[in-house]
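Welcome! Please take a moment with the sequence and the 3D view below, and then read on for a short tour of the contacts.

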Protein chains: 2
Amino acid sequence: MVDDKKTTEELIFEAALKVFQKKGLAGARMQEIADEAGINKSMLHYYFRSKELLFRQIFLKSFKGFIGSIVPLLNQEISWEEKIHLIIEHYAALLQRNPDLPLFIFNELKNNPEDFISILKENSVRDTLFIKQIITGIQKGGIRRISPQQIIVTINSGIIFPFVAMPMIKFMASLNDTDWDSFMEDRKRIVEEMLIKYLKEF
Amino acid sequence: MVDDKKTTEELIFEAALKVFQKKGLAGARMQEIADEAGINKSMLHYYFRSKELLFRQIFLKSFKGFIGSIVPLLNQEISWEEKIHLIIEHYAALLQRNPDLPLFIFNELKNNPEDFISILKENSVRDTLFIKQIITGIQKGGIRRISPQQIIVTINSGIIFPFVAMPMIKFMASLNDTDWDSFMEDRKRIVEEMLIKYLKEF
DNA sequence: GTCTATAAGGTGATAGAC
DNA sequence: GTCTATCACCTTATAGAC
């Protein structure tokens, strides 16, 4: 068994990750996390003191996984077109594995905006090579005059939003799980082509 | 005072709308709703029996306001380009007035998918004139070959997602409230131009 | 219809044995 | 470190006076 090698703390952490991402801070129950981890409820307090502190650790880990992986990517030495392609592939893959992640994060950001400011400061998208490449492209005339933030938001909207609205999209378009995968394959291609075409042809 | 004309039931409903949209089902407190309405807590049960039933009514109203207004618009006798413009303007205006609405709705849709199926059935986007116009356009060669659902998702993503991610966007791009408004003005124009250009030029 | 008081059950947290 | 037992508080919901 793989589980035998995991420490109790790890078991709790993984269980908490699952339950909090599914139910949120207010909706999650310590008992449910304990059951999910297969251990006693008082162990949660032994290792993490309180629900609030446990949640905070889960959120920080989730948020770093969500935002932290993107900055190194934006700093790679490749063209801005390739970079757009990579960001799209990166987020689509991440969210296919973890579809509850966006809603979980955006809920908490709304409820406790302070919590994440330090992380955002450590991962400033604004100072990346990608932004510089866009600005240079605009100055040289190869890219349409547009705020770099709008480009970032366009990419994120196109890929992240479908996961936020997944239940609605699945129902309205009558998609099963396989259909969903091919819907997202189309989506990736459309977002990339549409954005690059818009940026280049003006 | 305008409030004098409102019945107790209306006062409760409006207070519940505000509190539930802000905190969600699990996070909201009946006491908080009562305080917000300026009435006694037992009145909530007198008029709506239970928290769950009160929430359901709030959600149904919110969801209908979100989805119900769009179908008539999609059936208007105007060109598909004008229709895209109108949808964007419609949602942007709705969400500027009600920025918590999308997160509220998508949370509940995730937790209780059954609740909204009947409403979605009553508001089938698939049977609208807009979808027919797109399909006809594709057949006649004036529109790029693309699934109509992808067009709908592209519009919604571009406009709705920024409100879901608002705290993050505001921080990363250092936007105050005025900046946000002009950011969304740009956003509307970009989404519309980008999509229509993509659909027409291929 | 509206209020006060209180019931009934759940939930986070801790004490203490092992 | 892990468990059982239990506390203290909170929250929904109801009973009953007015």
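In this predicted model, a backbone N or O atom of A:M30 sits 3.1 Å from a phosphate oxygen of DNA strand C. Two side chains of chain B also reach phosphate oxygens of this strand, B:T8 and B:Y47. The table lists these distances.

| Protein residue | Protein atom | Distance to a phosphate oxygen of DNA strand C |
|---|---|---|
| A:M30 | backbone N or O | 3.1 Å |
| B:T8 | side-chain N or O | 2.9 Å |
| B:Y47 | polar side-chain atom | 2.8 Å |

Two elements give two or more residues each to the surface near DNA strand C: α3 (41-48) of chain A and α3 (41-48) of chain B. The most come from α3(B), with four residues. Of the 14 residues around the strand, A:R29, A:K51, B:T8, B:N40 and B:Y47 come nearest. Sorted by class, this surface has five nonpolar, six polar and three charged residues. On the DNA side, 64% of the strand C atoms within 4 Å of the protein belong to sugar or phosphate, and the rest to bases.

Now to the place where the protein chains meet. Chain A and chain B each bring 52 residues to their contact, and the area buried between them is about 4,600 Å², with 71% of it from carbon and sulfur atoms. Two salt bridges cross this interface. B:E193 pairs with A:R144 in a salt bridge, with the closest N and O atoms 3.3 Å apart. There are also 19 residue pairs in polar contact between the chains. On the side of chain A that touches chain B, α10(A) gives the most, with 11 residues. That side has 29 nonpolar, 12 polar and 11 charged residues.

Key
Residues are numbered from 1 along each chain as its sequence is written. Chains are lettered from A and ligands numbered from 1 in the order in which they are written. This is a predicted model: local features need pLDDT of at least 70, side-chain atom pairs count only at pLDDT 80 or more; totals for chains, interfaces and linings use all residues. Side-chain values use heavy atoms; hydrogens and water are left out. Contact means heavy atoms within 4.5 Å. Buried area is the accessible area (1.4 Å probe) that two parts lose on being put together, summed over both. A salt bridge is a side-chain nitrogen of Lys or Arg within 4 Å of a carboxyl oxygen of Asp or Glu. A polar contact is a pair of N or O atoms within 3.5 Å; within protein, one must be able to donate a hydrogen and the other to accept it, and residues adjacent in sequence count only if both atoms are side-chain atoms. Ala, Val, Leu, Ile, Met, Phe, Trp, Tyr, Cys and Pro count as nonpolar, Asp, Glu, Lys and Arg as charged, and the others, Gly among them, as polar. A residue is near a molecule or strand if one of its heavy atoms lies within 4 Å of it.
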